[in-house]
Amino acid sequence: VDKVIELATLDSWSKNHPNSKSRIFKKYMRKNGKAQYNTIEEAQKYALDTDEDRKVKIVSKFDWQFARNQCVTLDKLLRAEDKVWHNDLFFLASNMFRIKGGQQLFKKYVKANPHIDDCKQDIMSYIKYRWNERPIFPISFEYLTEKHIDYKLSENYKNLRWVRPHNQYSKARLVEAPKDLISVEDARAKLKTEFEKAMADHSKSIYVFKCSTGLGKSRLAINEQGVAMFFPSHDLKNEMSETSKIPHLCTPQISEQDFPKKEWKSYKNHLNIGLQRHASQLVREMAEYPNKYGLTDAQAKNIRAYVRDTDACRNTELTIFSTHQKGVHVDFEHKDTYIYDEDPLQAFAQTSVCTTEDLLAIVTHLQKADNHIDAEEIKCMVDMINRKVENFTGGKFEAPNFADAQSVEDAIKSSKVKGNVFGFLFSPESAYVTQPVNEDVPNGYKKISYMTHTPLKEDKKYIILSATADEWIYRKLYGDRIKFIDISNVELKGKIIQYSDRGFSRTTFKDNKARINKVDKFKKELDTITFKAFCDRLHNASTDLYFGKCEGSNQYEGKDLKIVGTPRSSPIAYQLMSRFLGIRTSARDFKFDKHKVRHNGYEFNFYTSANEDLRRIQFFFIEKELIQAVGRARLLDNDCTVYLFSDYPIPHATQHSLNEIPKPVVQLQVNNIDKEAA
């Protein structure tokens, strides 16, 4: 009945003189407060996410040409050649009302269209009249009928106001309904059950657990008997050792103070150029002949203890605590199960650097030693690299079968090389990228960045406990051997408030002081995590925890925290990983530009590659650092807030704009004499 009455009212308006139409319309509204026919239900389905959405601020900069290219209904209105029906006009008016210039544009083209009655201009007047009392919000594409020509735009945009070119700034928006969250209690129960299943499994599978930070994965594993457990750092290893309740051994740590100056330099040089075996031999010789190397009594005692404890760890039946690096390079033969706390991917796939100058130095040394066969082999390798070199070019390199491998190893040891040449020449396969050492001399020596993979042992079972492990990458590497358990969608007691409409890269810190100052003044009393190189740019920025060094720390548990930055890696890191995973790329894939992308249920603008696989690699590197940084507050169990400033949206965060940050209040200070005047 209401709709019949409304139709009659609309019909009566159309017959009135234009000068009295507005007066009659307002009188009807005061009396009835009703909507026009077939509009109110659709309009009120608009989903309100935040207080800011309720305000629906007017979009001041809008590219109408771009929008009409996307939205067929808008294009029909602006062409003014075909009939546009009432419901479509109402849909357009509800959106154009909140776009600068949209009201005038709507009325202009309704009037210009011979197939639309001029009275349809009143739709805009009606929405304007309703705005301050019972507003009709911009209608979403989602609430058009599925047969509507513009319905599919709901896959990319909330409503017409969101149809903007990629180069316009906007905060990330949620476009997919998040998975149902599980409680912390249920998540911990599931983790315990699945972990026990993995421990009981006698196959040589690789179990990868992706768990929310603070779920308790480390403390669940450190009391397992007879396993080898590996941590990202010695500090975390020692911390977990103090917490463990079972008998165990820790692999020892060696430091500069344990060496004479000359031997320390030699030891570090062996490690830098990839001669781990020579470094280990040096330590054992020092333990056996301390006087030969001029060790003090304290140094000799520490070196002997280091060798003794290292051997004990290799031979013990007890649980071993060690580091990721040891877990990759040392075979603990009495252990069938290797457990890694945090993602060990960077230990499995290590990135190193050497130069063609290093390789030619080895060639010279081999020629002097009359090993011309291997010298020629390496020289041909250098020639091949020189012929192919351009920025971001390279390939895969299979290590040659040297005629006298020991001679090559001796040449590496004796030559004054600086890079890790051994890893490049002796790894079974390396993915590499080359660039000029000096950009001003493109035909000079070349820098070789390469990635080597240490295969996981076939006779071991692996359990990886991580907050950031990526299933796609692990399956690319290890295929059906992977068993992936995702327990990351857990309810948080705390909150993540993210400001995602502006970038916060290293370049921003260098070039955009105004933006950094604005963020710095926002809650500047809070502890802050950011880039190590820019800790001095922000108040209370930690020099102990920064991007790249956040894993495992409980330093900020239960505290409000500020995190500033989008930790992008270099394009070389992305290219090495793509080659390592066997992904085909071209030079144009590395010409990053701003794209509108979807990831983790969000749509956002981001400088990235057009290659989707390369984009996934980039997002993995960035997300890993941000999640580790946010996790320091331990939001699962603590009612605190993390304020994140980054244009890369992370799960569980509510998205906001920098414009929402209020300007700081300036308080005037006056002396007693001036108080009355003030």
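Here is a walk through this structure, from one helix to the nonpolar cores and on to a strand pair.

A word on ground rules: this is a predicted model, so local features need pLDDT of at least 70 and side-chain atom pairs count only at pLDDT 80 or more, while totals for chains, interfaces and linings use all residues. Residues are numbered from 1 along each chain as its sequence is written, and side-chain values use heavy atoms, with hydrogens and water left out.

Let's start with helix H15, residues 297–315. Helices (H or I, at least four residues) and strands (E, at least two) are DSSP runs, numbered from the N terminus. The expected span of a helix is 1.5 Å times one less than its number of residues; for the 19 residues of H15 that comes to 27 Å, and its end C-alpha atoms are indeed 27 Å apart. Its buried residues (under 20% relative accessible area, with exposed over 50% and partly exposed in between; 1.4 Å probe, protein chains only) are Gln299, Ala300, Ile303, Ala305, Tyr306, Val307, Thr310 and Cys313. Among the elements covering them are strand E4 (248–250), helix H14 (276–288), strand E5 (319–323) and helix H16 (324–329).

Now for the nonpolar cores. A core here is a set of buried Ala, Val, Leu, Ile, Met, Phe, Trp, Tyr and Cys residues joined through side-chain atoms within 4.5 Å. The largest one has 83 residues, and Ile563 and Phe645 touch the most other members. Helix H26 (residues 612–630) is the top contributor, giving nine residues. Leaving aside residues up to four places away in sequence, Ile563 is in contact with Ile529, Phe547, Ala629, Val630, Val642, Tyr643, Leu644 and Phe645, where contact means heavy atoms within 4.5 Å. There's also a second, separate core of 36 residues, which includes Leu92, Ile116, Leu153 and Trp162.

Two polar residues are worth a stop. His270 sits in helix H13 (residues 261–272) and counts as buried because its relative accessible area is 7%. Beyond four places in sequence, His270 touches Leu275, Gln276, His278, Ala279 and Lys413. Ser407, in helix H20 (residues 405–414), is buried too, at 15%. With the same sequence cut, Ser407 touches Leu366 and Asn371.

Last stop: strand E9 (residues 429–436), where seven of the eight residues are buried. E9 runs antiparallel to strand E10 (residues 446–453), the two pairing over seven bridges; pairing requires that DSSP finds at least two. Along this pair, Val433 stands opposite Ser449 in E10.
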